[in-house]
Amino acid sequence: MKKDYIKIISDYITAGTPVIIYTVSNNTICVLRLLKQRYGVLPAAVCDGDVKKQGWEFHGLLGLKVLSPEEAIREYPNSMFFISSVDNRFQIMGELISSGKLSQERIINFEPIVKRKTCLFFEKSVCVHDNGDLVFCWTPGSPKIPFDNDYIGFANKFNQLRNSLVEACQNETLPAVCASCKCIKEDWYPAKPKTWWLNYFGKGICNFKCSYCCSSTHSNREIKDAPELRKTIDALHSAHMLSDFFSVVISTSGEPTLHPGREDFFKGFDGYSVVVNSNGSLFDEDLFALMDKEQVFLIVSVDSGTKETFEKAKGVDCFDKVKNNLIRYSAAKVGIVIPKYIVVPDVNDDDENVEGFVKFCNEIGVSSVIIAYDQHGIQPIPPKAANAIRKIKQSLKARKILCSPYTAYETAEYVSELTKVIAE
């Protein structure tokens, strides 16, 4: 059964117990908005282990300054902690508890954890491929369960496959395609494997022609035989695979607001948060209604700061329309708009586009931005592109806008390279 963590947090605060939200992220921004919107309360503080965030009052934190974990524990010795990160909460819990900084009884969303050597994607993810297969990641040849219209059956088979692969990590009997993966490492994970990240890629259609897109999507693409999101979630629940604290990522291999199954996307969700990857070209009333009440992260790849570059990168003249739509979406009470900038060498890594994009974000009034790098481009990241990434982050931070690298499901090499550049 899904836990209402926002209500639990509110009850602690109302009873006089200070609550600390641990990590400063998009999830944190939505948690704060939900607490204020539903119950008229706020936590005592927010904290983060990233020293570059500490001491700042980012937009979206509703006036709260970022403390270090040590400061939060010292200043609020009787407080309860809520780990707001979906992806990193087990590692954070493990570090806090194993170091003696915090007991598990003080963590509101604590789950039993163990340290083991395994693959992050085996542990956390279920990906619905655009061909209908259930996979853990996008690596060609990786383990999969084909969809055969038997939702309960394929969920149970996938659960059995996941558990066998987690075990295989321990005794080093993994399939050859997985054996050398850099995502296999020792870390803290749920004692009993529970999926906390469902990526619904599915089949879709798109009205853009992005130059860097790896999808085979076309405007006249036939949509059939893909698993339905709501039925997939129900089947995963029945197989006891899903954490009560999970996120759904909707990509649809195209534009979700054009998808004939969009009602299933926006009304079938029952998790902790939902990520909608959109191009922002359409204003969808159902999506806005969901953003008004749930933790929705509307990620829109803008990838430019000028109309000319936008048209070159996206294949359509839609820069102003996207901007106006994002302004409308930004009026939602809970969900947030997150512009994304995919840096493409010699396309949008010049000062004019960087400065134009920062201005674009500032005018929309966003609290958070994601930076990515064209994963099909040159590795390592060329100096000019790296400088563009750093300049975007620095310019946004000066405006108190949170800026994070996009590390959702790319390769370990990609994540390492991008994280290194953005941290400099």
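How many bridges join strand E11 to E12, and in which sense do the two strands run? The legends below take up this and other close-up views of what is a predicted model.

**View 1. Strand E12 and its two parallel neighbours, E11 and E13.** Strand E11, spanning residues 242-250, is joined to E12 by 4 bridges, and the two strands run parallel. Within this pairing, Val248 stands opposite Val274 of E12. E12 also pairs with strand E13 (residues 296-301), again in the parallel sense, over 5 bridges, and here the bridge partner of Val274 is Val296. Val274 therefore has a partner in E11 as well as one in E13, and the strands of a sheet pair in general through backbone hydrogen bonds, either parallel or antiparallel.

**View 2. The covered faces of E12 and the helices that link its neighbours.** E12 comprises residues 273-278, and 6 of its 6 residues are buried. Ser273, Val275 and Asn277 point one way from the strand, whereas Val274, Val276 and Ser278 point the other way, and all of these residues are buried. On the way into E12, strand E11, helix H9 (residues 262-267) and E12 make a right-handed β-α-β unit. On the way out, a right-handed β-α-β unit is made by E12, helix H10 (residues 285-291) and E13.

**View 3. Strand E15 between E14 and E16.** Strand E15, residues 368-373, is mostly covered, with 6 of its 6 residues buried. Its two faces are both covered, since Ser368, Ile370 and Ala372 on one side are buried, as are Val369, Ile371 and Tyr373 on the other. The chain crosses from E14 through H13 to E15, and the handedness of this β-α-β crossover is right-handed. Strand E14 (residues 336-343) is joined to E15 by 4 bridges in a parallel arrangement, in which Tyr341 stands opposite Ile371. A further 4 bridges join E15 to strand E16 (residues 402-405), and these two strands also run parallel, with Ile370 standing opposite Ser404 of E16.

**View 4. The surroundings of Asn353 in helix H13.** Asn353 has its place in helix H13, which covers residues 351-364. Its relative accessibility is 2%, and Asn353 therefore counts as buried. When its neighbours within four places in sequence are left aside, Asn353 is in contact with Ser304, Gly305, Thr306, Thr309, Tyr341, Val347 and Asn348. One of these contacts, Tyr341, is the residue that stands opposite Ile371 in E15.

**View 5. The open sheet of 4 strands and the helices packed on it.** The strands of this sheet follow the order E3-E2-E1-E4 with parallel pairing, and its edge strands are E3 (66-67) and E4 (80-83), each of which pairs on one side only. Strand E1 (residues 19-22) is joined to strand E2 (residues 45-47) by 3 bridges, the two running parallel, and the bridge partner of Ile20 in E2 is Ala45. Helix H2 (residues 26-39) lies across E1, E2 and E4 and runs at about 150 degrees to E1. Helix H4 (residues 89-98) likewise packs on the sheet, where it touches E1 and E4, and its direction makes about 145 degrees with that of E4.

**View 6. The crossing of helices H1 and H2.** The axes of helix H1 (residues 5-14) and H2 come within 10 Å and cross at roughly 70 degrees, which makes H1 roughly perpendicular to H2. H1 passes H2 in a right-handed crossing. From H1, the residues Ile6, Lys7, Ile9 and Ser10 meet Val31, Leu34, Leu35, Arg38 and Tyr39 of H2.

**View 7. The crossing of helices H6 and H8.** Helix H6 (residues 151-171) and helix H8 (residues 229-238) have axes that come within 8 Å and cross at roughly 55 degrees, and the two helices are therefore oblique to each other. Their crossing is right-handed. The contact is made by Tyr151, Ile152, Phe154 and Ala155 of H6 together with Lys231, Thr232, Ala235, Leu236 and Ser238 of H8.

**View 8. Asp150 in the loop between strand E8 and H6.** Asp150 lies in the loop that runs between strand E8 (144-145) and H6. With a relative accessible area of 39%, Asp150 is partly exposed. Asp150 and Asp292 are 142 residues apart in sequence, and their C-alpha atoms are 34 Å apart in space.

Technical notes: Residues are numbered from 1 along each chain as its sequence is written. This is a predicted model: local features need pLDDT of at least 70, side-chain atom pairs count only at pLDDT 80 or more; totals for chains, interfaces and linings use all residues. Side-chain values use heavy atoms; hydrogens and water are left out. Buried means under 20% relative accessible area, exposed over 50%, partly exposed in between (1.4 Å probe, protein chains only). Two strands pair if DSSP finds at least two bridges between them. A crossover is right-handed if, with the strands pointing away from the viewer, the path from the first strand over the helix to the second runs clockwise. Axes are lines fitted to C-alpha atoms, for helices over the stretch in contact, and angles run from 0 to 180 degrees between N-to-C directions. Angles under 35 degrees count as roughly parallel, over 145 as roughly antiparallel, 65 to 115 as roughly perpendicular and the rest as oblique. A crossing is left-handed if the near helix is turned anticlockwise from the far one by less than a right angle, and right-handed if clockwise. Contact means heavy atoms within 4.5 Å.
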